[in-house]
Amino acid sequence: MIACFYPLDKPKHRDVVKNFALGIGKNAKLYPIGHFLRNKKLPAGTTGVAFAGILRGFGDLYKYCVEHKVPFYYIDHAYLNAGYDTSEKWMRITKNSFTQNAACNNATPNKFNKYFPNVEMLPWKKDRGEYILLIPPTDAVKYVFAVHEWQELVKNEIKKYTNRPIKVREKESKLLLNPDGTQHSWTKTYYDTTVSEDINGAHCVVAYNSNIAVDAALRGVPVFTSENSVAYPISNTISDIENPYFMHREQWLWNIANNQFSRREIMNGTAFDFLKQL
């Protein structure tokens, strides 16, 4: 039985989990996240878990699945054409992973060509800006992956190889967490520039997991990411920050398109059928 956990207070998250359960069929059973948080264990007979996001207790569920080696299906914002209100309502879904971070050399372009004609991949930019755009993880990501010191550690590593200025851009609206993962408060950061302007003016983008790395790579700006980023297969290493390699991106782009699913694909079982083969 695949236990599908949903939040009571977030209708859009709840609906996408219920739709995924519908696509799984009779082998799925729905539970509010409170069931896991109260009991600190999974329902009897659970052979797999499905859930969306890592806020509101779902980070603890993610960590539980990893620690106890429970197969899981993780749902979150799409890589391309993201948004709950888009026509296809794309969502990314990965099996036993936070994101689609594995290289793929045999991805087909069919899905990308059919559904994402608006996504343009520009040539790698040889002439770029002067600063390094640094995108740190949110509190929720820090909590789940124990990377509280990532920003300072990466800054220090960057300074070993370049004297370029580092421009830090955090998520504009984010949830602040206590050390135990419970919600503390929301915060809003206002910037004088847009994300697009910051990417276009950067020498490169260094990110832990942000999808800003996807936008940067599509604009031809080299990226440096952690293993928990979808851009990891085309990422450079910090020691090459002054002279990054310009990776081939076609297979990577087709692969991430193949690993996100429309509302229709989630509900009719196409997404589950694809993922259970992995």
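In the predicted model, an open sheet is built from four strands, arranged in the order β7-β6-β10-β11 with parallel pairing. The edges of this sheet are formed by β7 (166-168) and β11 (223-225), each of which pairs on one side only. Between neighbouring strands of the sheet, the average turn is 25 degrees, direction ignored. In general, the strands of a sheet pair through backbone hydrogen bonds, in either a parallel or an antiparallel arrangement.

The pairing of β11 was examined further. Its partner β10 spans residues 202-207, and the two strands are joined in the parallel sense over three bridges. Within this pairing, Val205 has Val223 of β11 as its bridge partner.

The sheet is also associated with a helix. Helix α6, comprising residues 150-159, lies across three strands, namely β6 (131-135), β7 and β10. Relative to β6, helix α6 runs at about 160 degrees.

A separate strand, β4 (residues 72-77), contains Phe72. The relative accessibility of Phe72 is 4%, and this residue is therefore classed as buried, the cut-off for that class being under 20% relative accessible area. When neighbours within four places in sequence are left aside, Phe72 is in contact with Val49, Phe51, Tyr62, Cys65 and Val66, as well as with Thr94, Lys95, Asn96 and Ser97. Lys114 lies 42 residues from Phe72 along the chain, and the C-alpha atoms of these two residues are separated by 29 Å.

Notes
Residues are numbered from 1 along each chain as its sequence is written. This is a predicted model: local features need pLDDT of at least 70, side-chain atom pairs count only at pLDDT 80 or more; totals for chains, interfaces and linings use all residues. Side-chain values use heavy atoms; hydrogens and water are left out. Two strands pair if DSSP finds at least two bridges between them. Axes are lines fitted to C-alpha atoms, for helices over the stretch in contact, and angles run from 0 to 180 degrees between N-to-C directions. Contact means heavy atoms within 4.5 Å. Buried means under 20% relative accessible area, exposed over 50%, partly exposed in between (1.4 Å probe, protein chains only).
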